[in-house]
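Hi everyone, thanks for coming. I'd like to walk you through one model today, so please have a look at it with me.

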Amino acid sequence: MQPTLEVVLAIVFLPFLAAAFTPAVYRLLGERTAYFAAAVALVTLGLVTDQYLAGAHGTVSVDWIPSLGISLAFYVDGLALLIAFLASGVGVLILTYSGGYMHGEPGQAKYYATLLAFMGSMLGVALAGDLVALFVFWELTSLSSFILIGHYTDEEASQYAARKSMIITVSGGLFMLVGFILLVWASGQTTVIDGTTYSIPLLIEHADAIREVLMASALFVPVLLLVGLGAATKSAQVPFHVWLPNAMEAPTPVSAFLHSATMVKAGVYLVGRFRPLFLPEEAAVLGDWTLVFAVLGLLTMTVAAILAVSATDIKELLAYSTASHLGLIIGAFGFANSYGAEAGAFHILNHASFKAALFLVAGIIAHEAGTRQIEKLGGLRKHLPFTGVIAVVASLSMAGLPPFNGFYSKELLFESTYYAAKDAGGLAWIFPVVAVFGSVFTFLYSIKFASLFFGDEPAELGHVHRPPVVMLVPPAILGVLVLAISAAPNVFIEALIGSVYGSVTPGEAHSFSVHFPTELTPYVLMSLVTIAVGAISFPFYDRIHDAINAILRGPVRANWWYDNFVEGLTRVSVVTTPKIQTGLLRTYATWGLFGFVALALGGYAVAGVSMPAISGLSVSLPIVLVLLVALVGAFAVDIAPSHVAGVLTLSIVGFMVAIFYILADAPDLALTQLTVETLVLVIFLLVLDRLPAFYGDAPDRFVSLRDGVLSVAVGATVFLTVLLSTDASPDPLLKDFFVARAGVPAEHGPVFTDFGGGSNIVNVILVDFRGIDTMGEISVVVMASLAILTLIRMRGQGESQ
């Protein structure tokens with residue numbers, strides 16, 4: 001079924017519209033704005049599950065930038081609907097939960113507006129069917145998450161966390177953009193695509209041709225790495241995982257929303273979306289795709305799980321566990337066999353269900369116990385019995401224990417690693433070994449989180465309050481969802497995950513099913529080893545925790561590299577800023593003109609342009625004399641004894657240009673030149689009258705020589721640019737069009753829109769054919785005039801103004 005454009009547009013832009021009105025709503029509702037935002041998310045969820053969209057598959061679009069062939073296109077399939085379902089569904093629960101958690105917190109209007117804008121951005125990422133639209137929404141998620149992570153603007157830790165997330169995710173997005181540009185270029189080089197396409201479905205449909213072009217030009221691996229960098233930074237893969245634990249400085253609802261079910265899933269979504277493009281239907285067991293993403297995912301899964309065991313804060317533990325499970329999904333998508341696609345698709349849902357529940361549980365613990373330190377927590381079941389049940393269910397699912405839903409997707413990962421190793425042999429057997437090793441640490445930190453509700457209460461634990469109902473209902477719903485998926489996994493696979501598997505699999509995709517193991521297979525044995533080793537190791541959890549923290553010192557920690565890199569950039573800027581920001585116009589003009597020359601000439605060299613042939617050049621004697629006078633005036637400017645003399649000799653050049661226009665039969669340009677030149681001369685003289693006659697010592701010979709060389713280079717660049725730009729042979733019909741359309745038609749009614757209706761073609765071009773340009777120029781002049789008038793009015797009113 002083809003999706004409905006109106007429904008898709010409503011899904012994406014309703015949260016943005018609501019965000020725009022949120023400040024006004026907050027004035028009316030105050031803290032109850034949370035329920036307004038939750039209602040918006042509920043409506044969006046209803047649209048996602050609407051009969052006109054559920055089960056739909058196809059592209060809908062509206063023109064966005066027609067001149068470049070760019071449309072605001074949206075693509076609906078199983079993967080898009082799953083991510084949209086999670087973004088809107090979890091959004092309802094998170095915004096409802098915020099109504100209790102954010103009580104008395106500052107900046108709530110900004111908080112709810114940004115959270116809605118983030119939800120809209122994530123929905124845009126999920127449904128984007130155009131590379132440009134995908135990149136725009138992708139960057140909007142980074143921008144909105146920056147605001148949400150730095151919600152507590154007065155706290156240095158929040159500022160640090162927001163900056164770190166912005167630097168890493170936006171940098172990755174820029175690398176991804178370069179990869180997109182190369183994909184667009186490759187689409188234009190194929191013989192099976194008519195023109196250049198930005199459409200994601202078309203790129204995937206013609207994946208074989210795109211891969212052939214990329215491989216022939218040795219760009220396949222670079223593009224793969226560039227797109228992978230975008231996914232790795234957004235989904236906190238090693239070594240870019242460092243931003244995620246710091247992002248826990250945000251309010252807990254933000255952590256639950258952004259970092260369990262939505263934003264970090266953007267990178268996973270990107271890998272799944274482009275998997276059919278980069279992974280051939282008959283892919284090698286250890287092809288480029290597998291070597292990049294399987295290795296990256298399993299490495300992240302293991303490293304982040306070890307770091308989660310080293311955590312001392314419950315939100316830090318969950319943050320590292322998020323990176324670990326995202327590594328599981330990306331690693332699963334990295335394998336070319338069907339089990340990998342099944343594991344990745346199913347774990348997207350499983351991880352969102354149990355991890356969002358655990359983040360909300362962590363928020364209840366921090367809100368009611370007043371601490372997030374693991375060593376200060378224990379025996380919480382006495383005070384938070386209902387919360388404890390939710391925590392245990394979600395933790396066991398996160399640990400991958402049967403029969404909980406996390407077990408089934410973990411089992412599929414083991415199956416994919418085993419068959420990849422069996423088919424490839426040799427070093428490929430590292431895959432199942434690493435998968436089991438990382439899963440042991442996953443078991444450890446999962447059981448550790450559940451154990452916070454058991455045992456004795458630490459002496460440091462104060463009085464624990466009962467949470468309000470509004471904070472209990474959302475995690476309870478998620479806990480019930482975990483139990484429902486665990487009890488009937490194939491029902492959810494049939495309803496949601498089967499179509500996701502089809503979206504991430506090249507060729508003819510089919511659905512799949514999972515079953516509780518009833519016989520001993522290699523991958524069941526891997527699960528048994530994981531559980532057994534984890535159970536044996538858990539009594540020594542504290543020793544393992546201390547040992548890991550003893551090792552994680554200095555360069556071993558990724559944060560050490562990030563902090564030193566940023567500090568190094570800061571030191572470089574401190575040293576170079578005084579040399580660049582000198583306060584001298586000469587310095588700024590020098591670097592600006594040097595950049596212009598370097599970029600222009602470099603562009604010409606890369607493009608391989610050549611000097612155009614000049615033929616039929618004839619110049620009359622009067623024009624030669626005028627140009628010689630202008631040349632003499634230009635030299636006179638350089639040797640003028642005073643600023644006034646320099647301005648007067650400079651005006652000679654301007655007036656000679658005006659005379660040149662007269663001799664070239666362009667009286668309108670001559671009149672404009674004369675007017676502008678006269679005004680500039682008068683303004684220069686008036687300004688010079690107010691300035692000192694002496695500004696300082698003359699520059700030394702080196703500076704003079706540098707300026708002279710740069711002046712010649714600028715002149716040569718401008719000369720070359722004019723020659724190249726005027727060498728083109730435009731369609732003569734353009735001239736005929738202006739001549740035919742500029743005047744009044746021979747036959748017309750009282751109103752006509754296809755003709756200019758003027759007698760001067762130049763004027764008609766300015767005010768009619770290029771009316772928008774002229775309006776923009778007038779707007780600039782008006783704004784500059786208003787600014788000048790404002791400054792004049794403020795004279796003499798003191799610094800307080």
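At roughly what angle do the axes of helix H25 and helix H26 cross? They cross at roughly 160°, and the axes come within 8 Å. Before I go on, two quick notes on where this comes from. This is a predicted model, where local features need pLDDT of at least 70 and side-chain atom pairs count only at pLDDT 80 or more, while totals for chains, interfaces and linings use all residues. Residues are numbered from 1 along each chain as its sequence is written, and side-chain values use heavy atoms, with hydrogens and water left out.

Back to our pair. H25 covers residues 621-639 and H26 covers residues 643-663; helices here are DSSP runs of H or I, at least four residues, numbered from the N terminus. The axes are lines fitted to C-alpha atoms over the stretch in contact, with angles from 0 to 180 degrees between N-to-C directions. H25 and H26 are therefore roughly antiparallel, a label for angles over 145 degrees. H25 passes H26 in a left-handed crossing, meaning that the near helix is turned anticlockwise from the far one by less than a right angle.

Who touches whom? Among the residues in contact (heavy atoms within 4.5 Å) are Val626, Ala630 and Gly633 of H25, and Leu650, Val653 and Met656 of H26. That contact divides into 16 nonpolar, three polar and no charged residues. For the classes, Ala, Val, Leu, Ile, Met, Phe, Trp, Tyr, Cys and Pro count as nonpolar, Asp, Glu, Lys and Arg as charged, and the others, Gly among them, as polar.

Now a second pair: helix H12 (residues 265-278) and helix H15 (residues 338-369) have axes that come within 12 Å and cross at roughly 155°. H12 and H15 are therefore roughly antiparallel too, and H12 passes H15 in a left-handed crossing. Here Lys265, Val268 and Arg275 of H12 meet Ala341, Ile348, His351 and Ala352 of H15. By class, that gives four nonpolar, one polar and two charged residues.

H12 also helps to line the second largest pocket, as do H3, H7, H8 and H20, each with at least two residues. H20 gives the most, with six. This pocket has a volume of about 720 Å³ and is lined by 35 residues, with His57, Tyr75, Asp77, Gly502 and Ser503 nearest its centre. Its lining divides into 19 nonpolar, ten polar and six charged residues.

What about enclosed space? The structure holds one cavity of 30 Å³ or more, with about 40 Å³ of space. Its lining is Ala399, Gly400, Phe407, Lys410, Phe414, Ser527, Thr530 and Ile531, and H17 and H21 each supply at least two of the lining residues.

For the terms, on a 1 Å grid over the protein atoms alone, a cavity is a set of points where a 1.4 Å probe fits but cannot get out, a pocket is an open set with protein on both sides within 12 Å along at least five of seven lines, and lining residues have an atom within 4 Å of a point. Grid points are joined across faces, edges and corners, and a volume is the space filled by probe spheres set on the points.

Last, the backbone. Cis peptide bonds join Val238 to Pro239 and Pro402 to Pro403. Ala218, in the loop between H8 and H9, has a positive phi of about 60° although it is not a glycine.

How values were computed:
Parallel < 35°, antiparallel > 145°, perpendicular 65-115°, else oblique.
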